[in-house]
Every structure is written in C-alpha cells, then in structure tokens.
Amino acid sequence: MEGNSVFIFNKVRPPVSLLRGVLLLATIAGLCLQHIAGAPLEHKPCCGPITPAGDRLGSLLDSMNVETLWIAGQHINWETGEPDRGGDYEGPGNHTHCSAFSAAAAKRLGVYLLRPPEHGQLLLANAQATWLDSAAAEKVGWRRVSGMHRAQSLANQGNLVLVVYANPDPHVPGHVAIVRPSEKSARTLEENGPQIIQAGTHNHNSTNVRMGFSNHPGAWPDGVAYYAHSPQ
C-alpha cells in the first residue's frame, strides 16, 4: 500500500575470488608501508644517496682506467700510470702503485696528497699515511674521519676520501685506496667496509676495503684509517 511499502534488500555476497583479491592487495600495501617505514638492514642504504657531486666523483674515478694502468711489476709515470721504462727493467719502482694512483687521482681533483717529487714512489703509501696525520695535511684540508660509515657517506657526497694502512714495519709497503660512491646496504658495509677503487697487486675499479686490503695482515678492519678532504 502507498505509504506503507516495505522494501526488502537482498544481501549480495561478493565472489570469493574478489575477497581474495582484496586481501592480497591489502597484504601488499602493508608490506610496502613496512618497507617505506623501515627497510630491513640488508636492503637499506647505509650512507645516504649519491649526490650529483658524488656522481661526478665516480665518473672521474672511472675515467682513470685503473685496471689497465698503474700495473704492478712495471715502473710507471706516477701521474699517468703509463710504463716509463723497458719491460726488462728490474730496478726500484717496479712494485705496486696504490699510492701513485691515489696521488694522481687527487691531483686531477685539485687536491694535494704527498707525491713525487716531495717523496719518491718507493714506500710512498707508508709516507702518505704518516703525512695525512700531520699538521701539514690538515693545513691543506685533510681531516681524519671517524669510521667507515662516515667515510662512505662523505664519498657519496662527492668528497675525496682515502683509506690507508701504514705497515708497522717501515721497510714493508703499506696500502692506500680511494673510497668511491656506493649505495651499498648497511649490512654489506659492516661485513666488507666501504667501496673503493685501487691500484695494487690487483687493480680494481670497484671492490671493498676487506678485499682490497686482504694482502696486508692486520689492516682490515681495525688497522686502517680514513681521511677526507674538505674544500678550502
């Protein structure tokens, strides 16, 4: 009857497949929010993003072609990495060239690092380690960095950062490498240290401190020191 009509609505059950789809979407959304809020340690970048300055630093380091220059067993021009003696040369200086490479890279960046002619190539890494801890190095912008997390972060921002090992025996070579920008995870940083580029017994455009310093017992992890150059 008019005015007294009764409307009955049938309850419509959504299909089971639709319910499952909604549940799946909710689960995915929850996981995404969890990831945004706090990614697991093994996936979270340790040391901030690579800035435009960090990209420029990485490009310059790549352009030095360290895996084909500054080769161990050859006497080289410290600045170019090119051999400058005959292949049968067996005199001093036909050793590894980590310190020469680091000095050459620093020079291309407009930064002074102890180098020839102020010090010869022989045992230069040990001398650089000593020099970096001096007032002379501080005067031109070098500062010691407190730990590998800070070292990697500064490199990601485009700063020149060195990791050095001074051999306790002054007559045995030490080692030096350059920290290169990397968005590695916090867990990888803790396990292997910052990402580096180096010359040495084996030249690497990209490796880590643990591997790069493995030929120097006592270096990794507590025997190395990090230094960063701050623009003047």
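## Helix H6 and two residues to look at

Helix H6, spanning residues 148-156, is mostly covered, with seven of its nine residues buried. Keep in mind that this is a predicted model. The buried ones in H6 are Met148, Ala151, Gln152, Ser153, Leu154, Ala155 and Asn156. After H6 comes glycine 158, and its phi is positive, near 100°.

Now for two single residues, one in a helix and one in a strand. Here's how they sit:

| Residue | Element | Relative accessible area |
|---|---|---|
| Asparagine 126 | helix H4 (residues 124-132) | 9%, buried |
| Arginine 144 | strand E1 (residues 142-145) | 54%, exposed |

Let's take asparagine 126 to begin with. Why does asparagine 126 count as buried? Its relative accessibility is 9%, and the cut-off for buried is under 20%, so asparagine 126 falls in that class. Setting aside residues up to four places away in sequence, asparagine 126 touches Tyr165, Ala166, Asn167, Asp169, Pro170, Val172, Pro173 and Gly174.

Then there's arginine 144, over in strand E1. Is arginine 144 buried or exposed? It's exposed, because its relative accessible area of 54% is over the 50% cut-off. Even so, arginine 144 has partners: leaving out neighbours within four places in sequence, it is in contact with Asp133, Ala225, Tyr226 and Tyr227. As for leucine 162, it sits 18 residues from arginine 144 along the chain, and the C-alpha atoms of the two are separated by 9.5 Å.

Definitions and conventions:
Residues numbered from 1 in each chain as written. Predicted model: local features only at pLDDT ≥ 70, side-chain atom pairs only at ≥ 80, totals over all residues. Heavy atoms only, no water. Helix = DSSP H or I, 4+ residues; strand = E, 2+ residues; numbered from the N terminus. Buried < 20%, exposed > 50% of the residue type's maximum accessible area, 1.4 Å probe, protein only. Contact = heavy atoms within 4.5 Å.
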